[in-house]
Structure formats: C-alpha cells, structure tokens
Amino acid sequence: MDLSKLCIHTITTKPWNLETAIPKYAAVGIGGVSVWRDAAQGFSGGIESAGEFIRSEGLDIVSYVRGGFFTALEAAARQKAIDENKRIIDEAAALGAPLIVLVCGATPGQSLFESRKQIADALAALVPYAQSAGVRLGIEPLHPMYADSRSAVVTMAQTNAICEAVDHPYLGATVDVFHVWWDDQLEQQIAAAGKADRLFSYHICDWKNQPEDMLNDRGLMGEGVIDIERIGSWVEQSGFSGYEEVEIFSNRYWAMDQDEYLALIVDSYRKLKGHR
Ligand code: ZN
C-alpha cells in the first residue's frame, strides 16, 4: 500500500540515530519524517547536512520538534524562551523543515489564564521571525494531564483562540489524537482551524486503556481507545491533505527490535487505512 503520506517522528524509534532511521524509513516506502531536535543535533555533519541526508534518501522533512515553553514567572525568563525559540527557528531553517511543533508551557505558581496570555504574547513576538525564516509554528494542545507544567493549552478551542488573537498566517495548530481525542468540541474546532487555514499538522498513535505510564506508554494505532478513523475524517474534511505522523513514546516499544517495531507501525497504519 501507498505509504507516501505516512510520516514518522524520529522519537518513535528512539534507539535509532538519524543515520540509521532514515534509510530504514525510506526502505519501507515511508514518505516523511519529523525530526526531533536531539536527533538533528546528534547528526555527525551538523544540522544542515542532516537535512541534505534526509532529502537525499527521498524523504520529506515534515516538521522540527519541538519549540515552546514560553511561560515563566519572570519577564527575563520569558524573554530567554523567545530567544531560545529563535535559535530553534534557525535550526529548522537550516534543516529545511517548514514547521516547528510547539509545546507551549505552563508554570506552577501562576494561573493557566496568565500562562495562556504569556503564550499569546510570546507567539506575537516570535512569528515575524518565523516568517522571515520561512518556518511556520504549530501549537500542539496537550492533554490536560500535562497542564501543571507542560502546556496551558489543552484544547483545540484554546489553540484556535490564540491563533485568532495573534492572527498571522505562520501560526496554526498541530492536532495530536493522543492529546485531544476526549474533547466533545473537537470536530467543530478542527473544522474551524481548517477553515482559517490553520491546521498545519496531524499526529497519530493511540491511548491505551489504563496506560502504565502517562508519558511513555502510548499505543500503536488500533491498540487503544481513540477513534482515530473518525478524527482523521474530520481532519481530512477540514481540507488538510498533509502527512499522518506517527509519534509514539513507549518504553515497551523502544525495548523491542526496532526493525520489528517499524513493521508493526506500518501494519497498524495499513489497518487504520483499511488495507491488510
Ligand atoms: Zn504530537
């Protein structure tokens, strides 16, 4: 089956470095890769040559993961975060990635309302820089279990609200089924993002029934409780025609033989798309 719209995040096969992962992905016909920062920085020839290497293997670079963490109690720390994100934008441009995924941050000791305001302010300051580098920014709302310290943005409605407030074509949304599958407003909010040309990327995996670890026990598509097919149809109906990106953090899968694991990923994707 056609895997040209399948993308894998390098973190998904964490035991493989970039030099190993990219030819493996290419060999099974996967079309794209989202590159995590540590993978790009670990490439022997530097970030620019990592980009050349990936393209020479025939893969599209879908996104650079990740930026964000804009919130802080002190203004100086928030400015530092903006400066750090400018460096991340420079890295994405050097790599040739058109998009950075953002985990926006949350800070214990201040309200989520204040954190979301700080996120919007930081993005307004950052997005002209992103545009000049030719790199778009995608806010990824995280599951509310991470609202303590990782992301004050937990719904697509909040994501859309920040995008509307900043109102810039280089700022949009990343939908990850793991984070937003429970939201009864998801269909409408995905449609709204699509209508405003703000749906930039789409991540898939599954939420296992009773995960053993809230970060590192994600499932393969079909292994858990998310109606990925339905969410995928909303994403498609919104006008999105980009990659379906498999992003799985899993101690269990990282402990496996990664070639066998890659075959499982492809198999679960096939089943999701209705092919065996
Ligand atoms: Zn994601």
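Student: Is Glu247 buried or exposed?
Tutor: Glu247 counts as buried, at 2% relative accessibility. Bear in mind that this is a predicted model.

Student: What does Glu247 coordinate, and with which partners?
Tutor: Glu247 binds the zinc ion through OE, together with Glu140 (OE), Asp176 (OD) and His203 (ND1). The distances are 2.0 to 2.2 Å.

Student: What is the geometry of the zinc site?
Tutor: Irregular, with angles of 86 to 168 degrees among the four donor atoms. Four donors count as tetrahedral if all angles lie between 85 and 135 degrees.

Student: How are the donor residues spaced in sequence?
Tutor: The pattern is E-x35-D-x26-H-x43-E. The pair Glu140 and Glu247 links distant parts of the chain, 107 residues apart. Glu140 is in the loop between β5 (136-139) and α6, and Glu247 is in the loop between β8 (244-246) and α10 (251-254).

Student: And Glu140, buried or exposed?
Tutor: Glu140 is buried, with a relative accessible area of 4%.

Student: Moving to the strands. How many residues of β7 are buried?
Tutor: Six of the six, so β7 is largely enclosed by the rest of the structure.

Student: Which strands does β7 pair with?
Tutor: β7 is joined to β6 by four bridges, and the two run parallel. β7 also runs parallel to β8, with three bridges between them.

Student: Which residues face each other there?
Tutor: Thr174 has Ser201 of β7 as its bridge partner. On the β8 side, Ile204 stands opposite Val246.

Student: What connects β7 to β8 in the β-α-β unit?
Tutor: Helix α9, and the unit of β7, α9 and β8 is right-handed.

Student: Staying in β8, what does Glu244 touch?
Tutor: Glu244, which is found in strand β8, touches Lys5, Leu6, Cys7, Tyr202, Ile204, Tyr269 and Lys273, not counting residues up to four places away in sequence. Glu244 is buried, with a relative accessible area of 11%.

Student: Now β4. How many of its residues are buried?
Tutor: Five of the five residues of β4 (residues 99-103) are buried, so this strand is largely enclosed by the rest of the structure.

Student: Which way do the β4 residues point?
Tutor: Leu99, Val101 and Val103 point one way, and Ile100 and Leu102 the other way. All of them are buried.

Student: What pairs with β4?
Tutor: Strand β3 (residues 60-68) runs parallel to β4, joined by four bridges. Four bridges also join β4 to β5, again parallel. Gly68 stands opposite Val103 in β4, and Leu99 stands opposite Arg136 in β5.

Student: Which helices complete the β-α-β units around β4?
Tutor: Helix α4 (residues 75-95) lies in the unit with β3 and β4, which is right-handed. Helix α5 does the equivalent with β4 and β5, in another right-handed unit.

Student: Over to the helices. Which residues of α8 are buried?
Tutor: In α8 (residues 186-195), Leu186, Gln189, Ile190, Ala193 and Gly194 are buried. They cover an arc of only 140 degrees around the axis, which puts them on the same side of α8.

Student: Why would residues three or four places apart point the same way?
Tutor: An α-helix has 3.6 residues a turn, so residues at that spacing point the same way.

Student: What covers the buried residues of α8?
Tutor: The cover includes α6 (156-166), β6 (171-176), α7 (177-180), β7 (199-204) and α9 (228-237). Just after α8, Asp197 takes a positive phi of about 55 degrees.

Student: Then α6. Which residues are buried, and what do they pack against?
Tutor: Met156, Gln158, Thr159, Asn160, Ile162, Cys163 and Val166 are buried. The buried residues of α6 pack against α5 (112-133), β5, β6 and α8. Just after α6, Asp167 takes a positive phi of about 50 degrees.

Student: What is Thr159 in contact with?
Tutor: Leaving aside neighbours within four places in sequence, Thr159 is in contact with Ile139, Pro141, Val153, Gly172 and Ala173. Thr159 has a relative accessible area of 0%. From Thr159 to Ala173 the C-alpha to C-alpha distance is 6.6 Å, and they are 14 residues apart in sequence.

How values were computed. Residues are numbered from 1 along each chain as its sequence is written. This is a predicted model: local features need pLDDT of at least 70, side-chain atom pairs count only at pLDDT 80 or more; totals for chains, interfaces and linings use all residues. Side-chain values use heavy atoms; hydrogens and water are left out. Buried means under 20% relative accessible area, exposed over 50%, partly exposed in between (1.4 Å probe, protein chains only). The arc is that of the directions from the helix axis to the C-beta atoms. Contact means heavy atoms within 4.5 Å. Donors are N, O and S atoms within 2.8 Å of the metal (3.2 Å for Na, K and Ca); water is not among the atoms, so sites may look incomplete. Four donors count as tetrahedral if all angles lie between 85 and 135 degrees; four count as square planar and six as octahedral if opposite donors are over 155 degrees apart and all others between 65 and 115; anything else is irregular. Two strands pair if DSSP finds at least two bridges between them. A crossover is right-handed if, with the strands pointing away from the viewer, the path from the first strand over the helix to the second runs clockwise.
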